[in-house]
Amino acid sequence: MSNINLNELRDRAYKTACEHGFHDKELSNEHFFCLIISRLGKAVEADRKGKRADRESFKSSYENEEPHDDANFKYCFEKYIKDTLPDELSEVVIRLLDLAGLRGISLESASEDINSEYIDDIAYMYSKFSFAEAIYIISVIPFEYYSDFSTAVNYMIFSIFALAKHLDIDLLWHIEQKMRYNELRPKLNGKKY
C-alpha cells in the first residue's frame, strides 16, 4: 500500500465539512458517531445488494475523456461510484477524519498501522467473518476495548482500511474521489444536518 498520511486527509475532510456548514454549531461525539454508524449500515446494504463501483467505466468516461470539469466529474461519480460499497466505506472514513479534525486528534497511529504489515494480519482476520460481522466488529470493538477516544478513532479508521484490503478495494482512491465529490456539494450536502 502506498504511504498514506491520514493527518493530511483529516485536514482536508475537516476543512470541507467546515465550508459546508457541518460545524456551524457544537454537536456531541455521539451525534457524529450516530452518522458514522448510519453510514456503516449503508455499507452493509450496499454489500447485500451487490453494489460495487464501476471504476473502469468511471475511468473511461471521466479520466480518459475530456472535459475534466466539475460537472462531468459529478455526473460520472454519481453514475459509476455513488452509493456503492466502496463509496460508503470511504464516506465512513471521511466522517471519522472530519471528527478527528474537529477534536484535534492525531492520526499518526492509524497511518503507521496502515502503512505496516500489521494491516495484512487484520485483513486476514476479516476473511474469517461475514461482511455484516466485520462491520459489527468495526462499530463496537474500538469503544469496548479503548477507553481513550482518540485511540478508538484511530483503530476504527485502520480497521476500515484493513477490511477494504481484504475486499480488494482501493480505499484511498475512493476516499480521494469522494472528497472531491463532497467539495462540489451544497451546504450540508443538501440535508438538514
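**Exercise 1. Determine whether aspartate 168 is buried or exposed, and describe its backbone.**

Step 1. Aspartate 168 has a relative accessibility of 72% and counts as exposed, where exposed means over 50% relative accessible area, buried under 20%, and partly exposed in between (1.4 Å probe, protein chains only).

Step 2. The model is predicted: local features need pLDDT of at least 70 and side-chain atom pairs count only at pLDDT 80 or more, whereas totals for chains, interfaces and linings use all residues. Residues are numbered from 1 along each chain as its sequence is written, and side-chain values use heavy atoms, with hydrogens and water left out.

Step 3. Aspartate 168 is placed in the loop between H9 and H10; helices (H or I, at least four residues) are DSSP runs, numbered from the N terminus. Although it is not a glycine, aspartate 168 has a positive phi of about 60°.

Step 4. Aspartate 83 also has a positive phi, of about 70°, and is not a glycine. Aspartate 83 is found in the loop between helix H4 (70-80) and H5, and with 32% relative accessibility it is partly exposed.

**Exercise 2. Describe the aromatic pair of tyrosine 146 and tyrosine 155.**

Step 1. Rings of Phe, Tyr and Trp (its six-membered ring) pair if their centres lie within 6.5 Å; planes under 30 degrees apart count as stacked, over 60 as edge-to-face and the rest as tilted. By this rule there are 11 aromatic pairs.

Step 2. Tyrosine 146 and tyrosine 155 are 5.4 Å apart centre to centre, with 45° between the planes, and the pair is tilted.

Step 3. Tyrosine 146 is partly exposed at 31% relative accessible area, whereas tyrosine 155 is buried at 16%.

**Exercise 3. Identify the residues that ring pairs link into a cluster, and the charges over their rings.**

Step 1. The cluster linked by ring pairs consists of Phe58, Tyr62, Phe73, Phe77, Trp173 and Tyr181.

Step 2. Tyrosine 181 lies in helix H10 and is buried, with a relative accessible area of 3%. Its C-alpha atom is separated by 7.9 Å from that of phenylalanine 73, although the two residues are 108 residues apart along the chain.

Step 3. A charge sits over a ring if NZ of Lys or CZ of Arg is within 6 Å of the ring centre and within 35 degrees of the ring normal. Arginine 55 lies over the face of tryptophan 173, at 4.0 Å from the ring centre, and arginine 180 over the face of phenylalanine 73, at 4.2 Å.

**Exercise 4. State which helix gives the largest share of the largest nonpolar core.**

Step 1. A nonpolar core is a set of buried Ala, Val, Leu, Ile, Met, Phe, Trp, Tyr and Cys residues joined through side-chain atoms within 4.5 Å. The largest one has 47 residues, and Leu6, Leu96, Leu97, Ile157 and Phe161 have the most contacts inside it.

Step 2. Elements that give two or more residues to this core include H1, H2, helix H8 (131-145) and helix H9 (149-166). The largest share, 10 residues, comes from H9.

**Exercise 5. Locate isoleucine 141 and relate it to alanine 152.**

Step 1. Isoleucine 141 is in helix H8 and is partly exposed, with a relative accessible area of 23%.

Step 2. The C-alpha atoms of isoleucine 141 and alanine 152 are separated by 8.5 Å, the residues being 11 apart along the chain.
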